[in-house]
Amino acid sequence: MNSNPTELFFRNFNNLDVEATLQTQWDLHKDKFVDDGEHLVFFYLPNDDLEQRSRLRAFLSHYRNEEEEDNRQSSQYHHARIAVVGDKPSVFFNFYGWEEDISFCFSLEDVGRSMRQLVKRLRCYPYNKNAPIEKLKIKSKGKFDLEPIQDICYCLADGNFTEIHLGNGKRRVESKAISFINDRLQKVASMGRIGRSYIINRNRVFRVDSKEHKVYFTANRNCPSRVLTFGDTYMKRIREFVYWY
């Protein structure tokens, strides 16, 4: 028997019976290859409207950043697999880019079949705890540092230099133009160029306030949130990029 079994967590649910059913089906279909001690989080998405999708994005942003912070403090690297749960498969239509943070879209129409598919996916695509963390080399004054890309909130052009604003509150300056930084980050799905002056990390965005034209970025624990203000044109581009659905 696994001495460190996978623990299930449920978010945005209001039905204990559904939670109990998911737990029962997991216990029935899991095997030693997927029952590996990593957290498995089920997030319920009752419908496909923008409010619910925004709630999911906020959850992912905060959860992943808190997870990373906990790992740093404990010198470990735990990773949660996240399954989004919907009553019907149609809830997941038009999902785009969900592979970055979500392991599986789980339909409640046939819980047994969905759970078997989830277990199969986790078995075929296990999380590699030893996978390298993508980092950005930041060169300044004859030396360079490596910063995890997931820690970047946004990059701001400053002439031939680029300011890199991190979740820990620090501002790093790279002695290259933002176009050079963009070339290095363009294959990272979570990073996107917004106009001539900004590159933003959509996994760090937890609120888009169209009325105030403000975008809020999740900071690390005990650090203040970062906020940017954009015009109408850029706000439209940001909404299209951040709302990956």
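Leaving aside its neighbours within four places in sequence, which residues is F10 in contact with? In this predicted model, the answer is E19, L22, Q23 and F42. You can find F10 in strand β1, which covers residues 8-11. F10 has a relative accessible area of 18%, and because buried means under 20%, F10 counts as buried. For a sense of distance, look across to E109: F10 and E109 are 99 residues apart in sequence, and their C-alpha atoms are 18 Å apart in space.

F10 also belongs to an aromatic cluster, together with F13, F42, Y44, F104 and F106. Aromatic pairs are a good theme to follow from here, as the structure holds 12 of them. One of them joins F13 and Y44, with 5.4 Å from centre to centre and 35° between the planes, a tilted arrangement. F13 sits in the loop between β1 and α1 (16-29), while Y44 sits in strand β2 (residues 40-44), so this pair ties together parts that are 31 residues apart in sequence. Both partners are buried: F13 has 16% relative accessibility, and Y44 has 14%.

Now move along the chain to F230 and Y234. Their ring centres are 6.4 Å apart and their planes meet at 70°, so this pair is edge-to-face. Here F230 is buried, at 5% relative accessibility, whereas Y234 is partly exposed, at 27%.

Finally, look for charges over rings. K137 lies over the face of F144, 5.0 Å from the ring centre. R207 lies over the face of Y216, at 5.0 Å from the centre of that ring.

Notes: Residues are numbered from 1 along each chain as its sequence is written. This is a predicted model: local features need pLDDT of at least 70, side-chain atom pairs count only at pLDDT 80 or more; totals for chains, interfaces and linings use all residues. Side-chain values use heavy atoms; hydrogens and water are left out. Helices (H or I, at least four residues) and strands (E, at least two) are DSSP runs, numbered from the N terminus. Buried means under 20% relative accessible area, exposed over 50%, partly exposed in between (1.4 Å probe, protein chains only). Contact means heavy atoms within 4.5 Å. Rings of Phe, Tyr and Trp (its six-membered ring) pair if their centres lie within 6.5 Å; planes under 30 degrees apart count as stacked, over 60 as edge-to-face and the rest as tilted. A charge sits over a ring if NZ of Lys or CZ of Arg is within 6 Å of the ring centre and within 35 degrees of the ring normal.
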